[in-house]
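Visitor: I should like to be guided through this structure, one question at a time. Please explain the reasoning behind each answer.

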Amino acid sequence: MIPKKIEDAFSEQVKFELESAYIYLAMAAYFDAEGFEGMGRWMRAQVQEEVTHAMRFYKHIVERGGRARLHALAMPAQDWQSPLGAFQAAYEHEQFITAKIDGLVKLAQAEGDHASRTLLQWFVDEQVEEEASTSKVVQDLKLVGSDGRGILMLDRELGQRTFVLAPDLATFYAQAAATQA
Ligand SMILES: [Fe+2]
Ligand SMILES: [Fe+2]
């Protein structure tokens with residue numbers, strides 16, 4: 001059985017991950033409206049990824065006989081000054097999420113909850129990638145500055161991104177969750 005404190009903290013993390021999806025959906029809407037097709041697509045892929053992050057915590061709670069309790073999502077920002085402003089906000093948000101994951105690692109250690117170790121280590125590694133990928137775009141946008149052709153090339157490059165659903169989550173989505181408990 002999942003410890004109550006872990007169940008509560010993971011339920012709250014479901015909220016933070018869905019808030020991430022909501023923030024990136026707002027950024028996708030901004031890019032799509034402003035004609036940055038590649039960045040819009042990149043953000044839409046990021047939305048999908050964040051939903052799977054939420055579902056990884058949800059799946060863990062369910063599989064250990066717990067119940068996720070949902071929270072209200074905060075209203076995301078809707079407008080940014082520039083693509084750089086949006087990606088800067090994305091990078092800062094990922095740093096915020098990394099701090100949340102680190103807090104969960106500490107809580108799991110304090111609770112002696114070894115069962116959540118593999119899940120949390122996955123997220124520790126994932127956050128290294130999340131910070132690196134958003135910070136890379138920030139650096140690239142700073143490099144191109146106001147050069148229109150540079151921004152267009154970067155937009156095309158970011159538009160190459162695709163989302164692939166991890167097989168374990170695809171399986172979880174497709175089967176009755178209750179049979180796993
Ligand atoms: Fe996430
Ligand atoms: Fe993320």
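Guide: The questions below proceed from the overall fold to the metal sites and then to the nonpolar cores.

Visitor: What kind of model is this, and how many helices and strands does the chain have?
Guide: The model is a predicted one. Read along the sequence, the chain follows the pattern α-α-α-α-α-α. The count is therefore six helices and zero strands.

Visitor: What is the radius of gyration of the chain, and what does the globule rule give for 181 residues?
Guide: The C-alpha atoms of the chain fill a box of roughly 55 × 35 × 25 Å along the principal axes. For 181 residues the globule rule gives 16 Å, and the value for the chain is close to it, so the chain is as compact as a globular protein of that length. The radius of gyration of the chain is 18 Å.

Visitor: Which residues are the protein donors of the iron ion (ligand 1)?
Guide: Along the chain, the donors of this ion follow the spacing E-x32-E-x2-H. E17 belongs to helix α1 and H53 to helix α2, and the pair links distant parts of the chain, 36 residues apart. Both E17 and H53 are buried. At 2.0 to 2.1 Å from the iron ion (ligand 1), the protein donors are E17 (OE), E50 (OE) and H53 (ND1).

Visitor: Which residue coordinates both iron ions, ligand 1 and ligand 2?
Guide: The iron ion (ligand 1) and the iron ion (ligand 2) are 3.2 Å apart. E50 is listed among the donors of ligand 1, and E50 is also listed for ligand 2. The residue that coordinates both is E50.

Visitor: Why is the site of the iron ion (ligand 2) not tetrahedral but irregular, and what angles does it have?
Guide: The iron ion (ligand 2) is coordinated by E50 (OE), E94 (OE), E94 (OE) and E130 (OE), at 2.0 to 2.6 Å. A tetrahedral site would need all angles between 85 and 135 degrees. The angles among the four donor atoms fall outside that range, so the site counts as irregular, with angles of 53 to 148 degrees.

Visitor: Which helices hold E94 and E130?
Guide: The donor residues of the iron ion (ligand 2) are spaced E-x43-E-x35-E in sequence. E94 and E130 are both buried. The pair ties together parts that are 36 residues apart in sequence, because E94 lies in helix α3 and E130 in helix α4.

Visitor: Which helix supplies the largest share of the largest nonpolar core?
Guide: This core has 23 residues, and Y24, M27, F31, M39, M43, F87 and L158 touch the most other members. Helices α1, α2, α3, α4 and α5 each supply at least two residues of the core. The largest share, eight residues, comes from α1.

Visitor: With which residues is F87 in contact, leaving aside its neighbours within four places in sequence?
Guide: F87 is one of the residues that touch the most other members of the largest core. In soluble globular proteins, nonpolar side chains tend to be buried together. With those neighbours left aside, the contacts of F87 are F31, M39, W42, M43, V137, V138, L141 and L158.

Visitor: Is A9 buried or exposed?
Guide: A9 is found in helix α1. Leaving aside its neighbours within four places in sequence, A9 is in contact with L104 and L107. Buried means under 20% relative accessible area. A9 has 14% relative accessibility, so A9 counts as buried.

Methods:
Residues numbered from 1 in each chain as written. Chains lettered and ligands numbered in written order. Predicted model: local features only at pLDDT ≥ 70, side-chain atom pairs only at ≥ 80, totals over all residues. Heavy atoms only, no water. Donors = N, O, S within 2.8 Å, 3.2 Å for Na, K, Ca; no water. Helix = DSSP H or I, 4+ residues; strand = E, 2+ residues; numbered from the N terminus. Buried < 20%, exposed > 50% of the residue type's maximum accessible area, 1.4 Å probe, protein only. Core = buried A, V, L, I, M, F, W, Y, C linked by side-chain atoms within 4.5 Å. Contact = heavy atoms within 4.5 Å. Rg over C-alpha atoms; globule rule 2.2 N^0.38 Å. Tetrahedral: all angles 85-135°; square planar, octahedral: opposite > 155°, others 65-115°.
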